[in-house]
Amino acid sequence: MNNAISKDDTTPLVVVIPGLTSDSTSSYIKHLAFGMAKRGWNVVVSNHRGLGGVSITSDCFYNAGWTEDTRVIIDYLHHQYPKAPLFAIGTSIGANILVKYLGEDREKVPVAGAVAICSPWDLLIGDRFICRRLLQKLYDRALTIGLQGYAKLHEPLYSRLANWEGIKKSRSIRDFDNFATCLVGKFETVDTYYRHCSSSSYVQNVSVPLLCISALDDPVCTREAIPWDECRANKNIVLATPQHGGHLAFFEGITASSLWWVRATDEFLGLLHSSPHMHVQKTKNSDLQLSMGSSIDQGPYVNIAEDGMVAAVGNEHAGNKVVEHFAGLGEIHNKERDQMVSATEQKHHLMEEKSDIAPTAAQVSEQSSNLQGVKSFDVIAPVKRCLNHLSRQNRKSMWLLAYIAIITSWPLVGSILHLFSRKKLRNVSPATSHRR
């Protein structure tokens with residue numbers, strides 16, 4: 001990081017969390033960092049422990065759910081540059097770590113906004129998926145080789161803390177996690193590790209604007225693991241699920257010189273930075289914690305576009321029943337509750353003026369829900385327009401590729417049709433002569 005940055009600098013800071021065995025030297029990380037730097041922002045790549053040329057000095061290794069390093073780095077940057085807005089971007093396993101961190105710390109995170117690209121979401125589902133077909137097995141084997149190379153860099157520690165012979169014989173990610181990750185991280189079983197470190201169970205607690213991009217044809221992180229309902233229920237999340245894009249691919253143009261997800265990330269964070277909707281850290285812990293079920297079972301919550309875009313439109317007043325349940329935990333300062341009369345007054349007026357009070361309460365509830373729906377929609381609408389614009393540009397590239405394919409293949413198709421027609425005419429000619 002540039003040491004010349006002033007402590008009072010207000011230039012946004014972007015923290016990037018790479019994927020499995022990736023670091024600041026990976027091509028896609030460089031491409032992302034270059035795109036953010038072109039905007040004039042400062043970029044910090046949070047390399048995982050033991051990667052990026054940094055040795056491990058303790059008995060602690062990173063894993064798919066290790067959020068402590070991310071927490072320490074973000075807190076340090078926020079302390080050093082308190083006036084600079086902080087944004088975070090996670091890719092693949094890094095996206096899982098980022099979402100889990102945001103869900104764990106809730107309102108306390110100093111992050112103004114975040115982006116999660118190609119997150120595995122549910123590691124247990126992903127484990128079942130990656131050994132299902134031949135293509136997935138090839139990816140599984142390739143990622144395992146990368147993990148074995150990582151372990152080779154720190155062989156003395158793994159030989160002491162884990163099963164080194166088992167690591168060398170591992171043929172899948174699950175094998176490596178069984179012989180290495182579980183032993184180092186003190187997990188009872190591999191499935192226990194996957195359940196504990198999955199980010200899908202933390203989605204409902206995310207309190208910052210979060211863009212999630214997951215391709216439906218991702219060969220590594222299956223669409224089956226996407227927490228659709230949790231994303232719909234959380235008004236802070238925009239979920240983009242393009243039909244195509246693979247895993248951290250989304251190549252653009254004939255030469256594939258750019259990545260769509262990098263451009264989408266750049267525009268989303270740029271739009272968020274220029275809007276009043278950036279998250280502001282809350283120092284006081286909230287005593288009220290809404291359960292996942294209370295927010296999911298009440299709707300509607302989303303607008304779903306034809307291209308798979310899911311965006312929350314909000315319905316905050318639905319949580320009033322939960323507020324009543326937890327009323328003894330603390331006083332809730334809310335404009336809705338300030339406008340509503342207390343339960344005792346409602347009961348008293350209900351007995352005296354039953355016919356007058358009923359329509360008034362209904363009107364207050366309807367007006368508050370309409371106002372909140374419009375406010376939440378105003379927050380999400382600019383982001384949706386931006387992503388739809390990007391999708392339309394991507395379609396133009398696809399049509400151009402289709403046109404080029406037709407033009408280049410037409411001579412070959414014409415030759416085949418010509419040969420086929422000549423052969424058919426030869427078969428017809430003898431039959432005609434024979435009739436004569």
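A residue counts as exposed when its relative accessible area is over 50%, and as buried when that value is under 20%. In this predicted model, Leu134 has a relative accessible area of 64%, so this leucine is exposed. Leu134 lies in helix α5, which covers residues 134-153. Nor does Leu134 sit out there alone: together with Leu135, Leu138 and Tyr139, it forms a nonpolar patch on the surface. The four residues of the patch share about 420 Å² of accessible area.

Now for the protein as a whole. The chain has 436 residues, and 43% of them are buried. Its secondary structure comes to 16 helices and 10 strands. The accessible surface adds up to about 24,200 Å², with 56% of that belonging to carbon and sulfur atoms. As for how the chain meets itself, take the contacts with a separation of 6 or more: residues 24 or more positions apart account for 76% of them.

Next comes the inside. In soluble globular proteins, nonpolar side chains tend to be buried together. Here, the largest nonpolar core has 31 residues, and Leu102 and Leu210 touch the most other members. Several elements give two or more residues to this core: the strands β1 (13-17), β3 (86-91), β4 (113-117), β5 (210-213) and β6 (237-240), plus the helices α2 and α3 (93-105). The top contributor is α3, with five residues. What does Leu210 touch, leaving out residues up to four places away in sequence? The list runs to Val99, Leu102, Ala114, Val115, Ala116, Asn236, Ile237, Val238 and Phe268. Apart from this core lies another one, made of 30 residues, among them Ile56, Leu123, Leu157 and Ile173.

Helix α9 (residues 190-197) gives a neat look at how a helix can have an inward side. Its buried residues are Val190, Asp191, Tyr193, Tyr194 and Cys197. Looking down the axis of α9, these buried residues fall within an arc of 160 degrees, so they line one face of the helix. The cover over the buried residues of α9 includes α3, α4 and α8.

Charged side chains pair up as well, and the count comes to 17 salt bridges. One of them joins Arg71 and Glu68, at 3.1 Å from N to O. Why can these two be described as about one helical turn apart? Arg71 and Glu68 are three residues apart in helix α2 (residues 68-80), which means a separation of about one turn. The partners are not equally covered: Arg71 is buried at 15% relative accessibility, whereas Glu68 is partly exposed at 36%. Both also belong to a wider network of salt bridges that links Glu68, Arg71, Lys100, Glu104 and Asp105.

A salt bridge with similar local spacing turns up in helix α10 (residues 228-233), where Arg232 and Asp229 sit three residues apart, about one turn of the helix. Their side chains meet at 3.1 Å, N to O. Arg232 is partly exposed, at 25% relative accessibility, and Asp229 is partly exposed too, at 43%.

Arg174 and Asp127 form a salt bridge as well, at 2.8 Å from N to O. This pair links distant parts of the chain: Arg174 is in helix α8 (residues 173-185) and Asp127 is in helix α4 (residues 123-129), 47 residues apart. Is Asp127 buried or exposed? With a relative accessible area of 10%, Asp127 is buried, while Arg174, at 30%, is partly exposed.

Finally, a word on the backbone. Most residues other than glycine have a negative phi. Thr21 has a positive phi, near 60 degrees, and this threonine lies in the loop between β1 and α1 (27-38). Arg106 also has a positive phi, of about 50 degrees, although it is not a glycine. The place to look for Arg106 is the loop between α3 and β4. Thr21 is partly exposed, with a relative accessible area of 28%, and Arg106 is partly exposed with a value of 28%.

Methods
Residues numbered from 1 in each chain as written. Predicted model: local features only at pLDDT ≥ 70, side-chain atom pairs only at ≥ 80, totals over all residues. Heavy atoms only, no water. Helix = DSSP H or I, 4+ residues; strand = E, 2+ residues; numbered from the N terminus. Buried < 20%, exposed > 50% of the residue type's maximum accessible area, 1.4 Å probe, protein only. Patch = residues over 30% accessible without salt bridge, like charges linked within 9 Å, V, L, I, M, F, W, Y side chains within 5 Å. Areas by Shrake-Rupley, 256 points an atom, 1.4 Å probe, with all protein chains shown as cover. Core = buried A, V, L, I, M, F, W, Y, C linked by side-chain atoms within 4.5 Å. Contact = heavy atoms within 4.5 Å. Arc of directions from axis to C-beta.
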